[in-house]
Amino acid sequence: MTTVLVTGASGFIGSHLVEECLDRGWRVRALDALIPYYDPAVKRRNAHRLARHPACTYVEEELVEALPDILVGVDYVCHLAAQAGVRQSWGHEFDVYTHLNITTLQRLFEAAKSAPLKKIVFASSSSVYGDAEDLPTREDTILRPVSPYGATKAMGEHLAYLYWRSFGLPIVSVRYFTVYGPRQRPDMAFSRAIAAALDGDEFTLYGDGRQTRDFTFVSDAVAGTLAAAERGIPGRAYNLGGGSRVSMREVIEVIDELAGPLRVRYAERQRGDARDTAADISRAREELGFTPRHNLRAGLRAQLDWQRAAREAVTVA
Ligand SMILES: NC(=O)c1ccc[n+]([C@@H]2O[C@H](COP(=O)([O-])OP(=O)(O)OC[C@H]3O[C@@H](n4cnc5c(N)ncnc54)[C@H](O)[C@@H]3O)[C@@H](O)[C@H]2O)c1
């Protein structure tokens, strides 16, 4: 039976990835340290049902502490554990980013040298591109991140490449483009906008709303990650984008229609935010068979339904 280690398993994308692996009949080692970047109670709820699954072993520990034993008997590692968030990565907070996104990753690669893994998938980000000159952006574009967070992900990709070159580690990087859907992190824009609409509060939008993103529904990101585990070519990076570029104004219109009225306050664009992102997914399509399947409206509807239900569950409890 295939065994996969998912790090960051109680987080937004990680909890969906664990679910999909269990649905495929795989055995899962799910690791998360419940880092308090956002409320650990939210992460516990994300993982609650999965942790009780007979094929899932849940480990609440920092990855560096769990290495190297956590790798024994593992086929694939999907390494999603990281400190996410672009805007918080400036100033003294950067220490957390270097520890969780760079040092921890290097320790994982060191430990992996003596583990017969089939593949390690490293969760990178469209943030490595910064304000890319070419849109949609191809993987071989020069990386020029515009945030410290993006710089840690670019460094992670360099480590992935050099551990592949030097030790033959079968590492593949996947670049996620703004992922959304049920369990989206509470600091992310869709999450905040939906919460504001449901509460009748004002939603603060940084920038003029004309910035565009290649929004990716979470199950598409998960499918791409597992395709990278099974078919990705070691030493390579793959864009995993949703397949269409949409402005924040368009997103607001849809949320307003589904859950509104949504009142918006426009605030100054934040340092570190890229102006636009768009993924050229031809490499992922050709080499991984990756095809994003969800459109924005259906995906937003799913996220809205989940946020509504999650609030009701908390109120009842
Ligand atoms: N959500 C997005 O749109 C997006 C976009 C690009 C890249 N990514 C990357 O995808 C991954 C998952 O993102 P997410 O949005 O699900 O974030 P998340 O914060 O919800 O999940 C990350 C999880 O990792 C855990 N973690 C962090 N460091 C750890 C460590 N050293 N040991 C054990 N657990 C640790 C945290 O507790 C958290 O639950 C991250 O690497 C992130 O940088 C996400």
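A residue counts as near the ligand if its C-beta atom, placed from the backbone, lies within 6 Å of it. The model examined here is predicted. In this model, 28 residues surround the ligand, and G8, G11, A81, A82 and S125 come nearest. Three elements each give two or more residues to this shell: α1 (12-23), α4 (94-112) and β5 (119-125). Of the elements, α1 gives the most, with 3 residues. By class, the shell holds 16 nonpolar, 8 polar and 4 charged residues.

Helix α1 also meets helix α7 (residues 218-231). Their axes come within 9 Å and cross at roughly 65 degrees. The crossing is right-handed. On the α1 side, the contact is made by I13, H16, L17 and E20. Residues three or four places apart on an α-helix point the same way, because the helix has 3.6 residues a turn. On the α7 side, V218, S219, A221, V222, T225 and L226 take part. This contact has 6 nonpolar, 3 polar and 1 charged residues.

Helix α5 (residues 148-167) has 20 residues. From first C-alpha to last, α5 reaches 28 Å, close to the 28 Å expected at 1.5 Å a residue. The buried residues of α5 include P148, Y149, G150, A151, T152 and K153. Further along α5, G156, E157, A160 and Y163 are buried too. The cover over the buried residues of α5 includes α4, β5, β6 (171-176) and β11 (237-240). Two of these, α4 and β5, also give residues to the ligand shell. Just after α5, G168 takes a positive phi of about 70 degrees.

Definitions and conventions
Residues numbered from 1 in each chain as written. Predicted model: local features only at pLDDT ≥ 70, side-chain atom pairs only at ≥ 80, totals over all residues. Helix = DSSP H or I, 4+ residues; strand = E, 2+ residues; numbered from the N terminus. Nonpolar A, V, L, I, M, F, W, Y, C, P; charged D, E, K, R; others polar. Axes fitted to C-alpha atoms, helices over the stretch in contact; angles between N-to-C directions. Left-handed = near helix turned anticlockwise from the far one by under 90°. Contact = placed C-beta atoms within 7 Å. Expected span 1.5 Å × (residues − 1). Buried ≥ 20, exposed ≤ 12 C-beta atoms within 10 Å, placed from the backbone.
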